[in-house]
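Student: Could we go through this model together? I'd like to know what stands behind the labels people put on it.

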Amino acid sequence: MVAFAGSPRSPRPLLVTASEERLESVLRLCAAAGVEPHVCTDVGAARQLWPRAGLVVLGDELLDAVAAAALERRSDVVVVADESPDPKVWGAALAVGADRVLALPRDDDTLCDALADGAEGEGPDAPVLAVVGGCGGAGASSLAAALALTAGRRRAAVGGGDPRVLLIDADPWGGGLDVLLGVESVPGLRWSDLASTHGRVSGAALSRSLPRVEGLAVLAWDRGAAVPAPAETVRAVLSAGRRGHDLVVADLPRHLDAAAEEILARAASVLLVVPDDVHAVGAACGVAEGLAGWAGGAGLVVRRRRRGLPPDLIAETLALPLVATVDDDVRFRRSVEEGLGPLARRTAVGRTAREVLDALGLELR
């Protein structure tokens with residue numbers, strides 16, 4: 001059974017400064033990091049929030065006041081000062097237990113990262129579940145979408161609120177997960193909007209900017225000729241997605257490119273979807289061999305049709321453990337063709353998604 005660990009929101013950062021210039025600078029960085037701080041202009045007003053805030057940003061002009069107020073020592077206190085702070089600032093910061101002194105604007109990027117980290121909380125990154133088809137038309141995209149939707153519905157059913165599940169279309173030559181889900185016209189970021197992204201990306205900001213269906217965040221491609229995303233872009237986006245969600249499901253191309261390898265390197269589990277005919281199994285052999293070098297947790301899902309090869313025989317041929325089977329489903333295909341997406345819950349694909357999540361036992365943070 002997939003268990004959803006609690007995901008309490010991290011406390012808002014606390015900004016304590018009596019300087020209007022310092023206030024303006026830090027608020028600008030908070031906006032860039034996608035966080036809204038508590039603001040106090042004197043130490044007395046900050047006393048109650050001081051021990052509970054995830055991060056405290058303290059103006060150096062109030063260091064003496066903090067020391068005089070004898071506020072309890074705590075971690076995650078950052079002192080902000082002018083670009084060339086007085087040497088005395090370092091000693092005073094150490095005296096109140098500050099972790100570091102940042103000089104603005106020189107250290108703007110460092111403070112912005114600290115604010116974003118604090119807002120997104122601590123703890124392990126979300127697990128990544130990758131799905132890849134053994135041949136064209138295997139149904140990997142349908143299963144990936146069903147897995148993401150099912151995980152989100154389960155979270156909502158246990159009172160988890162926002163599904164906090166991200167579905168990534170990592171196959172630029174596929175039919176488009178947004179089309180499959182019926183959200184191709186919904187505004188939001190696509191891969192082309194993130195092409196120049198590198199370095200740290202806010203997980204919360206990414207999630208808010210993506211198209212959604214039933215609360216599920218979807219990162220897909222634009223229509224037309226797709227250019228594979230650079231590996232560094234995928235790395236930055238995947239890292240943000242894992243910080244900002246409880247589960248990331250990725251639909252990978254059969255021909256593994258550098259972007260797909262970035263995902264495989266971080267995947268907790270990988271599912272190879274293979275129809276039960278000789279030609280499909282033959283095509284899947286090469287894909288399975290490629291996965292072996294990356295994923296220690298690879299498993300097999302067999303798409304069954306009438307008079308097909310036995311699933312156990314396919315698993316033996318591909319040297320992969322059989323996780324589940326999925327029957328061909330007319331209702332599912334009709335739902336997708338009508339632009340409704342795979343939203344019907346009582347479908348063969350939906351049942352398989354539930355079986356897969358139970359079998360993998362992913363612990364969603």
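**Labels and their reasons**

Tutor: Sure, and keep in mind that the model is predicted. Let's start with β13, helix α12 (residues 311-318) and β14, which form a right-handed β-α-β unit.

Student: What makes that unit right-handed?

Tutor: The call is right-handed because, with the strands pointing away from you, the path from the first strand over the helix to the second runs clockwise.

Student: How do you know that β13 and β14 pair?

Tutor: Pairing takes at least two bridges found by DSSP. Strand β13 (residues 298-304) and strand β14 (residues 322-327) have five bridges, in the parallel sense, so they count as paired. As for R304, its bridge partner in β14 is D327.

Student: Why is the space lined by D169, A170, W191 and others called a cavity?

Tutor: Because a 1.4 Å probe fits there but cannot get out. The search turned up two cavities of 30 Å³ or more, and the largest holds about 40 Å³. Its lining also includes W221, A229, V234, A259 and I263.

Student: What makes up that lining in terms of nonpolar, polar and charged residues?

Tutor: Seven are nonpolar, none is polar and one is charged. D169 is in the lining, and Asp counts as charged, so that one is D169.

Student: Which residues touch the most other members of the largest nonpolar core?

Tutor: L181, L272 and L318, out of 80 residues. Helix α6 (residues 140-157) gives the most to this core, nine residues. Another core, of 22 residues, lies apart from it, with V43, L62, V96 and A98 among its members.

Methods. Residues are numbered from 1 along each chain as its sequence is written. This is a predicted model: local features need pLDDT of at least 70, side-chain atom pairs count only at pLDDT 80 or more; totals for chains, interfaces and linings use all residues. Side-chain values use heavy atoms; hydrogens and water are left out. On a 1 Å grid over the protein atoms alone, a cavity is a set of points where a 1.4 Å probe fits but cannot get out, and a pocket is an open set with protein on both sides within 12 Å along at least five of seven lines; lining residues have an atom within 4 Å of a point. Grid points are joined across faces, edges and corners, and a volume is the space filled by probe spheres set on the points. Helices (H or I, at least four residues) and strands (E, at least two) are DSSP runs, numbered from the N terminus. A nonpolar core is a set of buried Ala, Val, Leu, Ile, Met, Phe, Trp, Tyr and Cys residues joined through side-chain atoms within 4.5 Å. Buried means under 20% relative accessible area, exposed over 50%, partly exposed in between (1.4 Å probe, protein chains only).
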